[in-house]
Amino acid sequence: MTNYLIRRFMGMVVVTFLVLTIAFVLVRLAPGDPAALMLGPDATPQDVMDLRASLGLDQPIFVQYLTFVANAAQGDLGRSLFFDNSVTSVLAARAEPTVFLSLFSLIFALVIATPIGIYAAYRRGSALDQSAVTTAMLAASVPSFLTGLIFQRYLATELGWFPASGYGGPDAGFLDRMWHLVLPSITLGIVNSALILRFTRASMLDILGENYVRTARAKGMSERRVVLRHALKNAGIPIITVVGLTFALLVAGAVVTERVFNLPGLGSLVVNAVLRRDYPVIQGTLIVVAILYVFINLLTDLLYLVIDKRVRY
Amino acid sequence: MNEDTILDVRGLNVRFRGNGRETAALRDVSFSIGRGRTLALVGESGSGKSVTSLALMGLLPPNGRIAAGTLAYRHRDGRVLELTELGEAERRRLRGVQMSMIFQEPMSSLNPLFTIGDQIGEMLFLHESMDAATRRKRTIEMLELVEIPGAARRMDSYPHELSGGMRQRVMIAMAMICKPSLLIADEPTTALDVTIQAQILDLMRQLQKDFGMSILFITHDMGVVAEMADDVAVMYAGGVVEQASVDALFNDTRHPYTKGLLASIPGPWRRRGDRLVPIPGSVPPLASLPPGCAFAPRCGYAEPRCREPVALTRKAPEHLAACILEGVEAP
């Protein structure tokens, strides 16, 4: 077990290193000189030379790479070219909406999808099952920017139940900010709930046909206990796996959703950074998201251990 | 039903829906089990043995239903209950307490994610009110009774840490802990090695003596029948074709199918030097049974009257067979 954790940690280090390298190379591959870009068309060649020197861009590429990795290892991801601030502070300032948006949409997806998935599997072929599967397919096929726009139009603008966009202004309190996340979270959650519903249903269907479910019934317990205790725990592993995987979708979805709802999160930050060619920020976001993803994967693998004692690492 | 009968099945018909039509899986199955006795239900795959046991337990799959028949069960308190008239909640209260079941597949019949102590103790949690410490104590006692070495330690094992024989012992412990009056064992030893099989059969006989329960023992193995059963009911294509005491069945076989079954397998009931004789043909699909006797197309004694329906009739005291013949020569 300890060995396993050490191995996994080493793996994370390797992945992080690869991500750093890819991020470094990608930015260097992009056309144009960042220094010239920062200074604009009116800069003299001397200005550009000076800025290149101060950014370390005049160093051999190998030295630049080592400096970049060494700095990143100390949590220094460079300075934003657009904001007069370090990349880490820029990312930290924008993290809150994204973190809560991901969290809420995941909770929403789980709360909606798991019970319906379980019930649909239990009543396989019933009207509820069929409509759940159809609705899930529909929900997965409608792009989230469209769902978002529909919500904004009807639930926010016409009915006025929710704020239509933004994050409540600079003075908004925590609850006000979270209130602004309700519609975005549902928008983002719908897509994921479709996926989770189908997975829950499929794995419950498998499990309900197992011999030990028949044994549970033969023991004389209620159907509720058969399904929620004996079957659900076994369906847990595939469900956790898909929840871990949807995290990747959440990050991609956050970019679109934040854009639609005009939220100042990491998603809109990275979109703007791309438009402004703010390479350090793009690099930084890429690294943070990749590390987070690796970490969530580790967490799912550890959860397997807790649920199923047959799993040995 | 008489005082010494614990379960009396009369005219049980079970039908399964599928592909838009209903197929009869059991046709007028009748048998009864005496108190403290073992009835073996014998037949080939697809003859309806397992369906019978699931119908008794009230565990037929959603596409199956009891279309006709009565299942009279004598409750521990002396009342006679008609199982087909009970609601789901009442059936559930009988399961595990009055009638328990063990299954053929010890590998997959235990939940892989719960310890065996959990799974056996759950029976007490469901059916008897006692605190966790007492439950644990009773569970360990039960594990000792089914001869699992290091019972207290084994409590916290998961099924995958046990051998097939040990798992079947766990299943038996689980089925027996609430002291049921009827144990339904659906091929409990089929998936086990022959040596382990003998141990499990010994254990079941011992527990039967200690607990005084009746056993409905489902098997296709005539050797196991000879060893375990007091009475035997032979099933073919969803119906009982012969019921008798084990001695009468082996020594005074009345139905040609039973005769064919005994002639086709080696065993102590055979004379030395006899050759094995297979039954020609195969079991007809349930959806297209011939009219009259279902065995007639494969029967060496068949006559034109075999196309008329034939019921179980008494051929000797305590010996029933569904055949127009009075008997066939001993195999």
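This passage walks through a predicted model of two chains, A and B, starting with the domains of chain A and ending where the chains meet.

Chain A comes in two pieces. Its domain assignment gives domain 1, covering residues 2–73, and domain 2, covering residues 94–307. The C-alpha centres of these two domains of chain A sit 34 Å apart. They do touch, though: 12 residues of domain 1 of chain A are in contact with 10 residues of domain 2 of chain A. On the domain 1 side of that contact, the elements giving two or more residues are α1 (2–29) and α2 (34–39) of chain A. Helix α1(A) makes the largest contribution there, with 8 residues. As for chemistry, this side of domain 1 of chain A has 10 nonpolar residues, 1 polar and 1 charged.

Next up is helix α13 of chain A, which spans residues 279–307 and packs against helix α12 of chain A, residues 266–276. The angle between this pair is about 145 degrees, and their axes are 8 Å apart. The crossing of α12(A) with α13(A) is left-handed. So who meets whom? From α12(A) come A:L266, A:L269, A:V270, A:A273 and A:V274, and from α13(A) come A:V281, A:I282 and A:T285. Sorted by class, the residues of this contact are 7 nonpolar and 1 polar, with no charged ones.

Helix α13(A) also has dealings with helix α5 of chain A, which runs over residues 87–122. Here the two axes come within 10 Å and cross at roughly 60 degrees. An angle of 65 to 115 degrees would count as roughly perpendicular and one under 35 as roughly parallel, and α5(A) and α13(A) are therefore oblique to each other. Helix α5(A) passes α13(A) in a right-handed crossing. On the α5(A) side, the contact is made by A:V87, A:V90 and A:L91, while α13(A) brings A:P280, A:V281, A:G284, A:T285 and A:V288. That contact has 6 nonpolar and 2 polar residues, and again no charged ones. A couple of names turn up twice: A:V281 and A:T285 of α13(A) take part in the contact with α12(A) and in the contact with α5(A).

Chain B brings a sheet into the picture. Four strands form an open sheet in the order β2-β1-β4-β5 of chain B, with antiparallel pairing. Strands β2 (21–34) and β5 (80–82) of chain B stand at the edges with a single partner strand each, so one side of each has no neighbour in the sheet. From one strand to the next, the twist averages 5 degrees. Strand β1 of chain B, residues 5–18, runs antiparallel to β2(B), and 10 bridges join the pair. To pick out one residue, B:D8 has B:S32 in β2(B) as its bridge partner. A helix goes with this sheet too: α1 of chain B, residues 49–57, lies across β1, β2 and β4 (64–74) of chain B. This helix runs at about 75 degrees to β2(B).

Finally, the two chains meet. The contact takes 19 residues from chain A and 22 residues from chain B. On the chain A side, α10 (211–218) and α11 (223–260) of chain A each supply at least two residues. Helix α10(A) gives the most, with 7 residues. By class, the side of chain A that touches chain B has 5 nonpolar, 6 polar and 8 charged residues.

Notes. Residues are numbered from 1 along each chain as its sequence is written. Chains are lettered from A and ligands numbered from 1 in the order in which they are written. This is a predicted model: local features need pLDDT of at least 70, side-chain atom pairs count only at pLDDT 80 or more; totals for chains, interfaces and linings use all residues. Axes are lines fitted to C-alpha atoms, for helices over the stretch in contact, and angles run from 0 to 180 degrees between N-to-C directions. A crossing is left-handed if the near helix is turned anticlockwise from the far one by less than a right angle, and right-handed if clockwise. Two residues are in contact if their C-beta atoms, placed from the backbone, lie within 7 Å. Ala, Val, Leu, Ile, Met, Phe, Trp, Tyr, Cys and Pro count as nonpolar, Asp, Glu, Lys and Arg as charged, and the others, Gly among them, as polar. Two strands pair if DSSP finds at least two bridges between them. Domain bounds come from an automatic or database domain assignment. Angles under 35 degrees count as roughly parallel, over 145 as roughly antiparallel, 65 to 115 as roughly perpendicular and the rest as oblique.
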